[in-house]
Amino acid sequence: MGVRHCVFLGTMAVAAVGLSSAAFAGQPFFFSTGDPDGKIATASGGANEPETGDDFVLANQTRLIGGSFTGLLTGPTGAAVPLSSIASVGVEFYRVFPADSNQPPSGKVPTRMNSPSDVAFAEFTTTDSSLSASASIPVGSFSVLNSVVNGINPSPGQFTGGEGPVTGQEVHINFTFTTPEDLAAGQYFFVPSVELSGNGDTFLWLSAPKPIVAPGTPFNPDLQTWIRNEPLQPDWLRVGTDITHQGPFNAAFTLVGTIPEPTSWAMMILGFGAMGAVLRRRPRAALSA
């Protein structure tokens, strides 16, 4: 192999490494449903393991590094619940039904169309250090017009109208994944949970505008929030359509991360292809000499 070809291959290798680094750096990704709208708050964590999920869409493969969600800390007597009562924070990701789900469904709920799947495909918690979290109180007391905490029932008793207005301490929770989570383009459900140490204390996830408005990130189709508890698993109910006959609702959360640069990947592949072409040409030149 001649000096020119050695120099060329060395240059292409360095370029490929540089392009690979650029591809992993990518473009910043940010998603938000917007600020709480005061319409409803739903349990996500606590007795009977209630879970609330809201959806988001990724247009590209995305590396998620963290995000935030906003809710209420509520006590059984209406007393303020301090931040020190937060024992753990968790985050789960679900695909859209029927992925990761039994077929046919159990029939315990009116429908599973557009619900979260039966089981999560990714789980993170501060308990096992796969997640770190911090909490703050941005505005203090906050009130909502309705709530769903215990009234999560299988059909035909799914409609309860909700459990009425609730006032609590608004809490904003930021979280970071210890290892970033890479997700392919697609639609997913985000399910946060907060466990509190106080007897009878409950975390309620606050609703956000639907359709999403600024400063949120609109997308289509924007599915509504779903909820379930341990007795209802693996099924889910629609907070608005099934339980309250209000809404439908979104929930207040954000996600942040990076999107790999497609052009960088393409250039890197092109560079490796050029290297291969040179290597293939050299033996033929030697045979013709």
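T225 is buried in this predicted model, because its relative accessibility is just 3% and anything under 20% counts as buried. You'll find T225 in the loop between β12 and β13 (226-228). T225 also helps line the largest cavity, so let's start there and then turn to the nonpolar cores.

**Around T225**
- Skipping neighbours within four places in sequence, T225 is in contact with T52, G53 and D54, with L237, R238 and V239, and with F249, N250 and A251.

**The cavity**
- How many cavities of 30 Å³ or more turn up in a search of the whole structure? There is one.
- The largest cavity holds about 50 Å³ of space.
- Along with T225, its lining is made up of I40, T42, T52, W205, S207, V239, F249, N250 and A251.
- Strands β2 (40-43), β12 (202-208) and β15 (250-251) each give two or more residues to that lining.
- Sort the lining residues by type and you get five nonpolar, five polar and no charged.

**The nonpolar cores**
- The largest nonpolar core has 32 residues, and the ones touching the most other members are F56, F69, F93, F190 and L255.
- Which strand gives the most to this core? That's β10 (residues 166-183), with five residues.
- Take F93 as an example: beyond its neighbours within four places in sequence, F93 is in contact with F56, L64, A120, F121, A122, F124, F177, F189, F190 and L255.
- Another core lies apart from this one, with 10 residues, including V148, I227, L232 and L237.

Definitions and conventions
Residues numbered from 1 in each chain as written. Predicted model: local features only at pLDDT ≥ 70, side-chain atom pairs only at ≥ 80, totals over all residues. Heavy atoms only, no water. Core = buried A, V, L, I, M, F, W, Y, C linked by side-chain atoms within 4.5 Å. Buried < 20%, exposed > 50% of the residue type's maximum accessible area, 1.4 Å probe, protein only. Helix = DSSP H or I, 4+ residues; strand = E, 2+ residues; numbered from the N terminus. Contact = heavy atoms within 4.5 Å. 1 Å grid on protein atoms, 1.4 Å probe; cavity = no way out; pocket = protein on both sides within 12 Å on 5 of 7 lines; lining within 4 Å. Points joined across faces, edges and corners; volume = space filled by probe spheres on them. Nonpolar A, V, L, I, M, F, W, Y, C, P; charged D, E, K, R; others polar.
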